[in-house]
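Work through the exercises below with the sequence and the structure side by side, and try each task before you read its solution.

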Amino acid sequence: KGIYDFVQWIVDNKYKDCVAGFELGNESYYSPDYPKLAPLWADVVEKLVKVWPGIKLGINLAELFELNPDITQVRNRMLSDGKIERNTYFAAADFNRYSAQFVMKMSELGAMKHITHVIWHAYGAETPYSCSYYGIKRFRAFCEAFPELKGKQYWLTEIRPRSDEDNRCQRMFRESLVMG
C-alpha cells in the first residue's frame, strides 16, 4: 500500500518531473522465491501504471560471476542479523537463474511491457566481476538472451569496486565516477 500512496502523492503534488524512476524490489534475486514474487509485482505494476501512465519502472536482476565478493558480503550481512533461514550455498548461478525465471514469469503475466529499465548492482572492479567492462558485457549478454528485455535501459543503482571496503573508499570511487 505504501508504494501506491507514495506514487499517488507524487502525481497529486505534480512531482513527476522530479522522479527518474523506481526500482521494484532490491536484490530480491538472492531468494529462490524471486520468481514467485512476479504475480505480486505484476499487480503492483498494473496499479502504478493506472495512477501514473508512463511511469518509469525497473526490475533488479542478477548477473553475477562466481566468487564475486558481494555474494559473501550479502551472506555475512544476513547471518549477522540472525535472520537467515535457508541453508543453501550462496551461488551466482542460482541468483542468475532466479532472475531469469522472474523475467519470464513477469513476461507471461504481461507486466514486462511496462518495465522501462533493468537494474544491476555492480561490485568488484579490481577483478572481472560486475563493476568492470566484463560485467557490463555480461549484463548485455543476459539481456540479449531474453527478448523480454530487448530495448530496456540499463541502470546501475549500486556501484563499488569491492563490497567489503569502508564507506570512505566507496565514496571516493563514486566521486571518481561522477567527475569522470
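A residue counts as buried when its relative accessible area is under 20%, and as exposed when that value is over 50%. Keep in mind throughout that this is a predicted model.

**Exercise 1. Describe the overall make-up of the chain.**

Begin by counting the elements: the chain holds six helices and four strands, and, read from the N terminus, they follow the order α-β-α-β-α-α-β-α-β-α. Next, turn to burial, where you will find that 41% of the 180 residues count as buried. Finally, look at the contacts between residues at least 6 apart in sequence, of which 75% join residues at least 24 apart.

**Exercise 2. Find out which residues of helix α5 are buried, and how they are arranged around its axis.**

First, locate the helix, which covers residues 133–145 and therefore has 13 residues, and which by the definition of the expected span should reach 18 Å. The span from its first C-alpha to its last is 19 Å, close to that expectation. Second, list the buried residues of α5, which are G135, R138, F139, F142 and C143. Third, look down the axis of α5: these buried residues fall within an arc of 135°, so they line one face of the helix. The spacing behind such a pattern is a general one, because an α-helix has 3.6 residues a turn and residues three or four places apart point the same way. Last, check the other side of α5, where Y133, E144 and A145 are exposed.

**Exercise 3. Decide which of C18 and C143 is buried and which is exposed, and state how many disulfides the structure has.**

Take the two cysteines in turn and compare each with the cut-offs given above. C18 has a relative accessible area of 56%, so C18 is exposed, whereas C143 has a value of 7% and is therefore buried. As for disulfides, a search of the whole structure finds zero.

**Exercise 4. Identify the residues that touch the most other members of the largest nonpolar core, and trace the contacts of one of them.**

The core has 42 residues, and those that touch the most other members are L57, L61, M106 and L149. Several elements give two or more residues to this core, among them helix α1 (2–12), strand β1 (22–24), helix α4 and helix α5. Now follow L61, leaving aside its neighbours within four places in sequence: its contacts include Y34, F102, W120 and F142, as well as L149. Recall that F142 is one of the buried residues of α5. In general terms, nonpolar side chains tend to be buried together in soluble globular proteins.

**Exercise 5. Determine whether N96 is buried or exposed, and list its contacts beyond its neighbours within four places in sequence.**

N96 belongs to helix α4, which runs over residues 92–108. Its relative accessible area is 14%, so N96 is buried. Beyond those sequence neighbours, N96 is in contact with A62, E63, L64 and F142.

**Exercise 6. Compare the surroundings of K14 and E27, two residues with a positive phi.**

Start from the general expectation that most residues other than glycine have a negative phi. K14 has a phi near 60°, and E27 has a phi of about 60°. K14 lies in the loop between α1 and β1, while E27 lies in the loop between β1 and α2. At 68% relative accessible area K14 is exposed, but at 14% E27 is buried.

Note on methods:
Residues are numbered from 1 along each chain as its sequence is written. This is a predicted model: local features need pLDDT of at least 70, side-chain atom pairs count only at pLDDT 80 or more; totals for chains, interfaces and linings use all residues. Side-chain values use heavy atoms; hydrogens and water are left out. Buried means under 20% relative accessible area, exposed over 50%, partly exposed in between (1.4 Å probe, protein chains only). Contact means heavy atoms within 4.5 Å. The expected span of a helix is 1.5 Å times one less than its number of residues. The arc is that of the directions from the helix axis to the C-beta atoms. A disulfide is a pair of cysteine sulfur atoms within 2.5 Å. A nonpolar core is a set of buried Ala, Val, Leu, Ile, Met, Phe, Trp, Tyr and Cys residues joined through side-chain atoms within 4.5 Å.
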